[in-house]
Amino acid sequence: MPGEALRALVDALQETDFDSTRETLDAFAAVAVEICAADAAVVRLAEPDGSGLSARAVYADSPSLAAELAGSRVSADADVTPSRLAFSVSAPIEADGEAIGSLDVLRDRLPFSESEHVLARLAAAELAIVLR
């Protein structure tokens, strides 16, 4: 799986339309679901006033879950992703040492492995580079 996951991350970078932030965020949400075997992923970016993080892209197997996450917002200091799913990994998206968002992957069936945690953090780091 790690080899396939790394290929999926490379493909996401190569296929990204860097002129479209929306398409970039959508692509990374989709690839995060794939590489982490998740049920959903949400990319949240910081509000300009620093009050929290708002969902800007969602990819989910279930349309109702996608709708739930699309309207989600968390406070800037939140450790937990609000969701009805049992397990989540939240990877910070950082630029110049500051958190500008998070890439959250979620699923219901079993906890994420250490490898999946690392893959989520790698995807978030790549997304930070793309967003610069």
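In the predicted model, helix α2 comprises the 16 residues 21-36. At 1.5 Å a residue this helix should span 22 Å, and its end C-alpha atoms are 22 Å apart, so the expected and modelled spans agree. The buried residues of α2 are Thr-24, Leu-25, Phe-28, Ala-29, Val-31, Ala-32, Val-33, Ile-35 and Cys-36. Val-31, located in this helix, has a relative accessible area of 5% and is therefore classed as buried, the cut-off being under 20%. Between Val-31 and Ile-93 the C-alpha to C-alpha distance is 15 Å, with a separation of 62 residues in sequence. Just after α2, Ala-37 adopts a positive phi of about 50°.

Helix α2 also contains Arg-22 and Asp-26, which lie four residues apart and are thus separated by about one helical turn. These two residues form a salt bridge in which the closest N and O atoms are 3.3 Å apart. Arg-22 is exposed, at a relative accessible area of 52%, whereas Asp-26 is partly exposed, at 28%.

Helix α4 covers the 18 residues 114-131. Its expected span at 1.5 Å a residue is 26 Å, and the end C-alpha atoms are 26 Å apart, in agreement with that value. Buried positions in α4 are Glu-116, Leu-119, Ala-120, Ala-123, Ala-124, Glu-126, Leu-127, Ala-128 and Val-130. Of these, Glu-116 has a relative accessibility of 13% and forms a salt bridge with Arg-107, with 2.7 Å between the closest N and O atoms. Arg-107 is likewise buried, with a relative accessible area of 2%. Both partners of this bridge fall under 20% relative accessible area and so count as buried.

Five salt bridges are found in a search of the whole structure. Besides the pairs described above, they include one between the side chains of Arg-56 and Glu-47, at 3.4 Å from N to O. Arg-56 has a relative accessibility of 31% and counts as partly exposed.

A negative patch on the surface is made up of Glu-4, Asp-11, Glu-15 and Glu-34. Helix α1, residues 2-15, supplies the largest share of this patch, with three residues. Glu-4 is placed in α1 and is exposed, because its relative accessible area of 52% is over the 50% cut-off.

Definitions and conventions
Residues are numbered from 1 along each chain as its sequence is written. This is a predicted model: local features need pLDDT of at least 70, side-chain atom pairs count only at pLDDT 80 or more; totals for chains, interfaces and linings use all residues. Side-chain values use heavy atoms; hydrogens and water are left out. Helices (H or I, at least four residues) and strands (E, at least two) are DSSP runs, numbered from the N terminus. The expected span of a helix is 1.5 Å times one less than its number of residues. Buried means under 20% relative accessible area, exposed over 50%, partly exposed in between (1.4 Å probe, protein chains only). Patches are made of residues with over 30% relative accessible area and no salt bridge: like charges are joined within 9 Å, nonpolar side chains (Val, Leu, Ile, Met, Phe, Trp, Tyr) within 5 Å. Accessible areas come from the Shrake-Rupley method with a 1.4 Å probe; for residues, only the protein chains shown count as cover. A salt bridge is a side-chain nitrogen of Lys or Arg within 4 Å of a carboxyl oxygen of Asp or Glu. Lys and Arg count as positive and Asp and Glu as negative; His and the chain ends are not counted. The place of a charge is taken as NZ of Lys, CZ of Arg, CG of Asp or CD of Glu.
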